[in-house]
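This text walks through one protein chain, beginning with a single residue and widening out to the whole. Please keep the sequence and the structure in view while reading.

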Amino acid sequence: MSSKIMLAVMLIGGIVIIYTFTKAKHPVITAFKSAMCGIAALLSVNLISGVTGCYIAVNPLTAFVATVISLPGIIAMLILNIIFI
């Protein structure tokens, strides 16, 4: 049940992000900045993993989520990591 809820939250987050990109004055630049923010968040989580003990493995799927969904995707992966590990 919780995986369906998380999937719904990520889907809603993705819709909000797409809506935001289409309403921006420069959607390509906005999308690029959002992707960089997601990648920076993924790297930041992994840099402080020694202190927190919570990390996200870097693989093609997590890189895709960090790039496309950005910060909401990183937060969702962290929540899933804390719940299931």
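Leaving aside neighbours within four places in sequence, Ser34 is in contact with Phe21 and Ser70. Ser34 itself is in helix 2. The model shown here is a predicted one. Is Ser34 buried or exposed? With a relative accessible area of 16%, Ser34 is buried, because the limit for buried is under 20% relative accessible area.

The two partners of Ser34 can be taken in turn. Phe21, again without residues up to four places away in sequence, touches Pro27, Thr30, Ala31 and Ser34. Ser70, the other partner, is found in the loop between helix 4 and helix 5. The relative accessibility of Ser70 is 4%, so this residue counts as buried. Which residues does Ser70 touch, not counting those up to four places away in sequence? They are Ser34, Cys37, Gly38 and Val65. The backbone of Ser70 has a further feature: its phi is near 65°, a positive value in a residue other than glycine. Most residues other than glycine have a negative phi.

Next comes the chain as a whole. It has 5 helices and 0 strands, and reading along the sequence gives the pattern α-α-α-α-α. The C-alpha trace spans about 40 × 30 × 20 Å along its principal axes. Of the 85 residues in the chain, 27% are buried. Among contacts between residues at least 6 apart in sequence, 55% join residues that are at least 24 apart. The accessible surface of the chain is about 6000 Å², and carbon and sulfur atoms account for 80% of it.

Phe21 also has a place in the largest nonpolar core, which has 11 residues in all. Its members are Ile17, Phe21, Ala41, Leu42, Val45, Ile56, Val65, Ala66, Ile69, Ile74 and Met77. At least two residues of this core come from each of helix 1 (2-23), helix 2 (27-47), helix 4 (60-68) and helix 5. Which helix gives the most to the core? Helix 2 does, with 3 residues.

Two of the core residues, Val65 and Ala66, lead to helix 4. In that helix Thr62, Val65 and Ala66 are buried. These buried residues lie on the same side of helix 4, because they cover an arc of only 95° around the axis. An α-helix has 3.6 residues a turn, so residues three or four places apart point the same way. What lies on the face of helix 4 turned away from its buried side? That face carries the exposed residues Pro60 and Phe64. The cover over the buried residues of helix 4 includes helix 2 and helix 5.

Helix 5 also takes part in contacts with the start of the chain. Met6 lies in helix 1 and, at 14% relative accessibility, counts as buried. Apart from neighbours within four places in sequence, Met6 is in contact with Ala76, Ile79 and Leu80. Met6 and Ile79 are 73 residues apart along the chain, yet their C-alpha atoms are separated by 9.2 Å.

At the other end of helix 5 from Ile79's neighbourhood, attention turns to Leu71, which lies in helix 5. Leu71 counts as partly exposed, with 38% relative accessibility. Outside its neighbours within four places in sequence, Leu71 is in contact with Gly38 and Ala41; Gly38 is also touched by Ser70, and Ala41 is part of the largest nonpolar core. Leu71 and Ala24 are 47 residues apart in sequence, and from C-alpha to C-alpha they are 18 Å apart in space.

Finally, the surface. Which residues form a nonpolar patch there? Leu71, Ile75, Ile79, Ile83, Phe84 and Ile85 do, and together they have about 630 Å² of accessible area. Ile79, the residue in contact with Met6, is thus also one of the patch residues. Ile85 is placed in the segment after helix 5 (71-84). With 82% relative accessibility, Ile85 counts as exposed, because exposed means over 50% relative accessible area.

Conventions
Residues numbered from 1 in each chain as written. Predicted model: local features only at pLDDT ≥ 70, side-chain atom pairs only at ≥ 80, totals over all residues. Heavy atoms only, no water. Patch = residues over 30% accessible without salt bridge, like charges linked within 9 Å, V, L, I, M, F, W, Y side chains within 5 Å. Areas by Shrake-Rupley, 256 points an atom, 1.4 Å probe, with all protein chains shown as cover. Salt bridge = Lys/Arg side-chain N within 4 Å of Asp/Glu carboxyl O. Helix = DSSP H or I, 4+ residues; strand = E, 2+ residues; numbered from the N terminus. Buried < 20%, exposed > 50% of the residue type's maximum accessible area, 1.4 Å probe, protein only. Core = buried A, V, L, I, M, F, W, Y, C linked by side-chain atoms within 4.5 Å. Contact = heavy atoms within 4.5 Å. Arc of directions from axis to C-beta.
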